[in-house]
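Here is a friendly walk through a model with several chains. Have the coordinates open beside you as you read.

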Amino acid sequence: MPGYEKVNGKVVKADLSRGPVLARRGAMLFYTGQVSFRPAGGGMPGGMSGGMPGMGGLGAIAGMAGRALAGEHVAMMAAEGMGEVHYGFRGSNVTVIELQGELLQVEADRLLCHDANLQSSVVVLGSGGVRQAVRGAVSGQGLATTQISGMGSVAVLSHGGTFALPVGGGQVIGVDPQSYVAAQGNLTIDVGASLGWRDAVGKGSGEAIQLKVSGQGTVYVQASERKL
Amino acid sequence: MARFTKNGTKVLEAHLTGDSIRCLTGSMVAYEGNVAFKKEGMGGGGGFKSAMKRKLTGESLSMMEASGNGVVYLANNATEIEIVELQNETLSVESSALLALERSLRTDVAFAGLRGASSGQGLFTTTVSGQGECAILSDGPMIALEVSPAYPLVVDPDAFIAHRGQLKQSFVTGVSWKSILGQDGGEPYSLRFDGSGVVYIQPAER
Amino acid sequence: MTPTILNPNTLPYNDNVNPYAFCVDLSQPWFMRKGAMIAYYGTANFEALGVTNLASMVAARFSSPLYANDWVVVSGQGKVVIGDRGYDINSYDIDAGNLTIKASNLLGFETGLELKQSIVPGFLTLIGTGKFLASSNGPVMFAEPPVRVDPEALLGWADCPSPSHHYDAGWMQGFLGAMGGMVLGLQSGEERQFDFTGEGTVLLQSSEEPRPDPAIARALESQLYGVDHAGLTRIQSVVQQRLMSQQP
């Protein structure tokens, strides 16, 4: 059963009778029906969350608040009830990805919303992840990657929309870190440098960092070097 | 021969089979295969004389060369891409709107006339000529407007992308309608085209 | 080669050229926002509202001194192509009705309509019969009340009463209670919503980053005259907080 209805390139509609939805703060555009919103404990760095998050408790919210202040983590809101919520974020384009048990890695600031029944965890700087390596290179980038798995729908954000590149057969695909949005499946993302890469993607960044994607799955790339 | 195709409307795929193309520096978002990238120096592209002209006029065309065997995915700021095929003719284009071109095409700088003294824009545009394909950028789907002696055309310079044909470009100044004070630094002038040809515009202001 | 080459005879008559551009025929004058024109054929006279021959018509139709500087009246003979930041452009017809729309998204309207300022800052109300053009970041969505809307997603509304503010109690409770009053990330504005009831249509868009509208600041400034010292000090601290939170 398909998850969110894509109303247009920049907006998805979530029918909450399917189950609760977690979305980044600021993403709710409008809603009808009886819907209640509360801060979500899900997405705590280093921790796992599954199923509908509880009230979170003081500690969880405070911890999340601390991180949100530092700009390291994107705070999430849970929506549940009988109604429909429209989500979007600053006119960015939305891509809906259906997960059938595999893993999706997406930069935390690119995640718009996902079904609450999916497992999610956040990997932040200092504990590995793509951004750790590019941190010094490309300033101002998001510093956390969200890993999501299970059966359900995820909506991700991009500037201008994404195109999907299949990865497999021993092939390695080179991707500009500023254009990278998400990776679905059994994919490894290495960070490398190569001669000439700086010229290829060096607009303003001045660094020669590229992402090398290999394995079996799909990588989502946006048609822009702009961060959100 | 390098082949351009589009992946959607905002991504250009350049298929390289042991040859090369020129493309806007920094426009690569992904690639597959064995591809090398090299920034163009003074001697690259339109030749030394053209590069000197650029240096003197301040017109910047920042290009790199992609060569090898594989596929290069090019995009720029999520703007739309149009593939234009030139049949031994010349296309005049805003240099910031030129994404990629085949090696068979030549680029040069052309004097575009005197603009307002305080304009941030140069007085020159890039010309692309010869036989082959190039890809240009448009913020929103590009619109092609015909110019003929019966109907000259006036265009907002911030929406102007390119023109081809036998056209004469002049400036219309003293327009009070152009911009809201403080919102954009746009110059209060517009471009007028007379003659026979086509002008390409984007539905947005640069 | 795409796209199709158009000329004054093949350009659409008062219709979209593509989702992001619109062609206006000057067989009658139009009010147009400055900067909206991207190309035109023929002889188009763009006149500032104070300076035109059509002054008496303008005075009868355009009652918004706050925005008068941002608009011109266009007349003459020919076709004008309109675009706005690559946004979607749509034309709407009002038939003896009214519609309130965000000022920075209104691009033009026929002179059969009358323009007034809405009580809600940043919005204009059009009344009467005629066509108008509005831009949006992404296609416009329509919803019917009852609906709750994030203020930055609101584009306008037709026929139904002006919205009221709604503060989601559950939302606030989770944060304010835990933080002991520290307002955390409230700049998202999600805690404050517009509540629409009644019969009508609400127009919505994805954009949550509104185009800066200098007129809102002017409107707020003019309202400061009624504020006392304590009020001014409080406003100052709110402004400072907003400035800090907006730092990249």
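The report below covers confidence, then the chains, then the contacts between them, and ends with a single residue.

**Confidence**

Please keep in mind that this is a predicted model. Its overall scores are ipTM 0.80 and pTM 0.81. For chain C, the mean pLDDT is 82, and 84% of the residues reach at least 70. Confidence varies along that chain: among its elements, strand β3 (residues 21-25) of chain C has the highest mean pLDDT, 95, while helix α2 (residues 169-179) of chain C has the lowest, 52. For residues 175-189 of chain C the pLDDT is below 50, although this stretch has 20 contacts in the model beyond near neighbours in sequence. If you plan to look at that part of chain C, those are the values to have in mind.

**Two chains side by side**

Chain B contains one helix and twelve strands. Read from the N terminus, its elements follow the order β-β-β-α-β-β-β-β-β-β-β-β-β, which places the helix after three strands. Chain C has four helices and 17 strands. The table sets out some values for these two chains.

| Chain | Residues | Buried residues | Contacts (separation 6 or more) joining residues 24 or more apart |
|---|---|---|---|
| Chain B | 206 residues | 50% buried | 80% of contacts |
| Chain C | 248 residues | 39% buried | 78% of contacts |

**Inside chain C**

How many bridges join β4(C) to β7(C)? There are four, and the two strands run antiparallel. Within this pairing, C:M32 sits opposite C:V72 of β7(C). Strand β4(C) also pairs with strand β9 (residues 106-110) of chain C, again in the antiparallel sense, through three bridges. Here C:W30 has C:E110 of β9(C) as its bridge partner.

The side chains of β4 (residues 30-33) are worth a look too. C:W30 and C:M32 point one way from the strand, C:F31 and C:R33 point the other way, and all of them are buried. So that you can judge the word "buried" for yourself, the cut-off is 20 or more other C-beta atoms within 10 Å.

Helix α4 (residues 229-245) of chain C offers another picture. From first C-alpha to last, its 17 residues reach 25 Å, close to the 24 Å expected at 1.5 Å a residue. Are the residues of α4(C) covered or hardly covered? The helix is hardly covered, with a count of zero buried residues among its 17.

**Where chain B meets chain C**

This contact draws on 30 residues of chain B and 28 residues of chain C. On the chain C side, at least two residues each come from β1 (5-6), β2 (15-18), β5 (37-48) and β7 (71-83). The most come from β5(C), which gives seven residues. By class, the chain C side has 18 nonpolar, seven polar and three charged residues.

Strands also pair across this contact. Strand β10 (residues 153-155) of chain B and β5(C) are antiparallel and share three bridges. In that pairing, B:V155 stands opposite C:A39.

**Where chain B meets chain A**

Here 20 residues of chain B and 24 residues of chain A take part. On the chain B side, the elements that give two or more residues are β3 (28-39) and β4 (63-74). Strand β3(B) gives the most, with nine residues. The residues on this side of chain B divide into eleven nonpolar, five polar and four charged.

A pairing between strands is found here as well. Strand β11 (residues 173-175) of chain A runs antiparallel to β3(B), joined by three bridges. The bridge partner of A:V175 in β3(B) is B:A30.

**One residue in chain B**

To finish, consider B:L191, in strand β12 (residues 189-201) of chain B. Why does B:L191 count as buried? It has 22 C-beta neighbours inside 10 Å, and so B:L191 is classed as buried. Leaving out residues up to four places away in sequence, B:L191 touches B:V155, B:P157, B:F160, B:Q169 and B:F171. One of these, B:V155, is the residue that stands opposite C:A39 in β5(C). The C-alpha atoms of B:L191 and B:Y151 are 14 Å apart, and the two residues are separated by 40 residues along the chain.

Note on methods: Residues numbered from 1 in each chain as written. Chains lettered and ligands numbered in written order. Buried ≥ 20, exposed ≤ 12 C-beta atoms within 10 Å, placed from the backbone. Contact = placed C-beta atoms within 7 Å. Nonpolar A, V, L, I, M, F, W, Y, C, P; charged D, E, K, R; others polar. Pairing = 2+ DSSP bridges. pLDDT = per-residue confidence, 0-100. Expected span 1.5 Å × (residues − 1).
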